[in-house]
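Biologist: Got a minute to go through this one with me? I'd like to hear what the words we use for it rest on.

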Amino acid sequence: MRYADAGVNIAIADETKRRIAAMAKKTFTHGVLAPIGGFGSLFRLDRKRWRDPILVASADGVGTKLKIAFATGIHSTVGADILNHCVNDILTQGAEPLFFLDYIAMGKMNAAVVEQVIEGMSRAAKQAGCALIGGETAEMPDFYPPGEYDLAGFIVGAVERNKQLDPRRVRPGDVLLALPSSGLHTNGYSLARKLIFGVGKLKADTYVAEVKNKIGAELLRPHRAYWPMLKNILVRGWVSSMAHITGGGITGNLPRALPRNAQAVVELGSWPILPIFQYLAKLGNIDREELLQTFNLGVGMILVVPAKSVSRVESELKRRREKFCVIGRIERAARGKPPVTYTGKLSL
């Protein structure tokens, strides 16, 4: 018997990896020292540029958003999702993305699908100035259902020690400034899929008037990367802390950007709720607390900005034509109160 008789075709895998290498090469920066294909990837930190660097690393997956990619046959957006999500995670430490590695596993190698994923990933990497320097493409017969795969990403970035964001710098009076999401990003899809395809009985290509789009295309809107618009702001030290609003929503993620003696007061209604969240809330009759701890509700990143720096941050974002909303403030923690409290009403 041959390996191919067990479901693994080495020739197809090798050709797929060759094409991946060609796409990845377009993202290479000066720090990359070796081509794709070695047992390990090599990257040299420019010590002339970095004086006292701290390396920041993160790993994540796309989750059940992949099910939407399977249903639509569109795979490039999830490739961008995984890279952008990881870029945002290390951005909360103030880190610049340096390099990225991916992991793709499927039951039977499908070169066309893998190329779509890597094309979206490499495009996002190029926009973020991040090198795609390696990874793993695994063919695992009998492990995944036909047509399905798993996707994960691993990123390393760097930040100067004196520029590292630190929740301990947060003070009462600091302002909460929100940057908009493009949609669900990569979180809340298990509930969204249950509502849309289970309760609503919709198909991926069903047009939904409330969101003015086919529901599959709406759910595949890519996770935004905030590094390009924030790098100048971070270099100038105008932000104390940041929260990437992922699984757990504002309720679960904003406390990670706060010290124990601080409390965030978030004004509901101070930012626009995207139509997809209004649609899901109505479809599932979801209460306020559940919405706030499941979805980002249109907020992708929250900056904690000292009052003296707010005007400068706003001016920089306006210069870049980036939307933002002031959604609250930092107060001293009140005994018995949660780290995030809400006032006002959701605009549903």
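Biologist: How do you know that the radius of gyration agrees with a compact globule?

Modeller: The radius is taken over C-alpha atoms, and the globule rule is 2.2 Å times the number of residues to the power 0.38. For 348 residues that gives a value near 20 Å, and the protein has 21 Å, so the two agree. The C-alpha atoms fill a box of roughly 70 × 60 × 35 Å along the principal axes.

Biologist: Before we go on, what kind of model is this?

Modeller: A predicted one: local features need pLDDT of at least 70 and side-chain atom pairs count only at pLDDT 80 or more, while totals for chains, interfaces and linings use all residues. Residues are numbered from 1 along each chain as its sequence is written, and side-chain values use heavy atoms, with hydrogens and water left out.

Biologist: Why is F197 called partly exposed?

Modeller: Buried means under 20% relative accessible area, exposed means over 50%, and partly exposed is in between (1.4 Å probe, protein chains only). F197 has 27% relative accessibility, so it counts as partly exposed. F197 lies in helix α5; helices here are DSSP runs of H or I with at least four residues, strands are E runs of at least two, and both are numbered from the N terminus.

Biologist: What does F197 touch, leaving aside its neighbours within four places in sequence?

Modeller: With contact meaning heavy atoms within 4.5 Å, F197 is in contact with I68, L202, K203, A204, I215 and L219.

Biologist: Which elements do the buried residues of α9 pack against?

Modeller: Helix α9 covers residues 275–284, and its buried residues are I276, F277, Y279, L280 and A281. They pack against α5 (189–199), β6 (207–208), α6 (215–219) and α10 (288–292). Just after α9, N285 takes a positive phi of about 50 degrees.

Biologist: And what makes a set of residues a nonpolar core?

Modeller: They must be buried Ala, Val, Leu, Ile, Met, Phe, Trp, Tyr or Cys, joined through side-chain atoms within 4.5 Å. The largest core has 99 residues, of which Y149, L151, L230 and I250 touch the most other members. Apart from it lies another core of eight residues, including W50 and I133.

Biologist: How much of the protein is buried overall?

Modeller: Buried residues make up 50% of the 348. As for contacts with a separation of 6 or more, 85% come from residues 24 or more positions apart.
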